[in-house]
Amino acid sequence: MTDNDTEYMKEKMAEYRRELEPLVKYLPWFEQASEKSASTMYKGNGLDGPGALAFPVYDATLMSFIKEASNSSLLDRNYQYIYTRKDIRNCYDERDLIAAADYKNWDILCGILSRYVMGGRTKSVLWSQGVSEKIFYLCLTKMLEIVTEWNSERNLR
């Protein structure tokens, strides 16, 4: 890497760290959370008949995370292209890509995070799946690892 490339990457990693900082505070909750703690089904007050409508009620911590993540620049509205390009079909593929990611794959991490945050707006089960499958936790942990390792490796030289 040339000095210009190194400077650029330092700036990018600092930007990534700034965007990531508000979300990192949710890591302990995601580590402990399960699908049951992320949402419950509200069925109304004694309305169990065929016309009753049940809907999910999400944990306040999860909703705070979704709101903060939605306001960050980490989300990519075109996350579907990453899923197509990388042939991601299920949570096992997502986990494998997250585990293998480095700073060159930042867009993949953002794409996976985006699918669960943005996709959950229209298919709300994705928010619960993001918690139960540990996708939010794994994504944030890997992102934090990347910016921390990159900065520590480059600052030693």
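In the predicted model, ring pairs join Tyr26, Trp29, Phe30, Phe65, Tyr116 and Phe136 into a cluster. The search for aromatic contacts gives a count of nine aromatic pairs. Tyr16 and Trp106 form one such pair, with stacked rings whose centres are 4.2 Å apart and whose planes make an angle of 10°. This pair links distant parts of the chain, since Tyr16 belongs to helix H1 (residues 3–24) and Trp106 to helix H7 (residues 106–119), 90 residues apart. Tyr16 and Trp106 are both buried.

Tyr116, a member of the ring cluster, also has a charged group over its ring: the charged end of Arg115 is placed 5.0 Å from the ring centre. Arg115 itself is partly exposed, at a relative accessible area of 23%. The side chain of Arg115 further meets that of Glu94 in a salt bridge, with an N to O distance of 3.4 Å. Arg115 is located in helix H7 and Glu94 in helix H6, so this salt bridge ties together parts of the chain that are 21 residues apart in sequence. In contrast to the partly exposed Arg115, Glu94 is buried, with a relative accessible area of 1%.

Side chains of opposite charge can pair when their charged atoms come close. The count for the structure is seven salt bridges, one of them between Lys25 and Glu68, where the closest N and O atoms are 3.1 Å apart. Lys25 is found in the loop between H1 and helix H2 (27–32), and Glu68 in helix H4 (residues 60–70); the pair therefore ties together parts that are 43 residues apart in sequence. Lys25 is exposed, with a relative accessible area of 54%, whereas Glu68 is partly exposed at 25%.

A further salt bridge is formed by Asp107 and Arg85, with 3.0 Å between the closest N and O atoms. Here too distant parts of the chain are linked, Asp107 being in helix H7 and Arg85 in helix H5, 22 residues apart. Asp107 is partly exposed, at 34% relative accessibility.

The cysteines were examined for cross-links. The search of the whole structure returns zero disulfides. The sulfur of Cys110 has its closest cysteine sulfur in Cys139, at 7.9 Å, and this is too far for a bond, because a disulfide requires the two sulfur atoms to be within 2.5 Å. Cys139 is likewise in no disulfide, the nearest cysteine sulfur being that of Cys110. Both residues are withdrawn from the surface by the accessibility criterion: Cys110 is buried with a relative accessible area of 7%, and Cys139 is buried at 0%.

Helix H8 contributes several residues to the interior. Leu126, Trp127, Ser128, Gly130 and Val131 are the buried residues of this helix. Ser128, placed in H8, has a relative accessibility of 4% and counts as buried. The C-alpha atom of Ser128 is separated by 9.0 Å from that of Leu62, a residue 66 positions away along the chain.

Backbone torsions with a positive phi in residues other than glycine were also noted. H8 is followed by Lys134, whose phi is positive, near 65°. Lys134 is located in the loop between helix H8 (125–132) and helix H9 (135–155), and is partly exposed at 26% relative accessibility. Asp87, which is not a glycine, has a positive phi of about 55°. This residue is located in the loop between helix H5 (79–85) and helix H6 (91–100). Asp87 is partly exposed, with a relative accessibility of 42%.

On the surface, Tyr42, Leu53, Phe55 and Val57 make a nonpolar patch of about 390 Å². Phe55 is part of strand E2 (residues 55–58). At 39% relative accessibility, Phe55 is partly exposed.

Terms used. Residues numbered from 1 in each chain as written. Predicted model: local features only at pLDDT ≥ 70, side-chain atom pairs only at ≥ 80, totals over all residues. Heavy atoms only, no water. Buried < 20%, exposed > 50% of the residue type's maximum accessible area, 1.4 Å probe, protein only. Phe/Tyr/Trp six-rings, centres within 6.5 Å; stacked < 30°, edge-to-face > 60°. Helix = DSSP H or I, 4+ residues; strand = E, 2+ residues; numbered from the N terminus. Lys NZ or Arg CZ within 6 Å of the ring centre and 35° of its normal. Patch = residues over 30% accessible without salt bridge, like charges linked within 9 Å, V, L, I, M, F, W, Y side chains within 5 Å. Areas by Shrake-Rupley, 256 points an atom, 1.4 Å probe, with all protein chains shown as cover. Salt bridge = Lys/Arg side-chain N within 4 Å of Asp/Glu carboxyl O.
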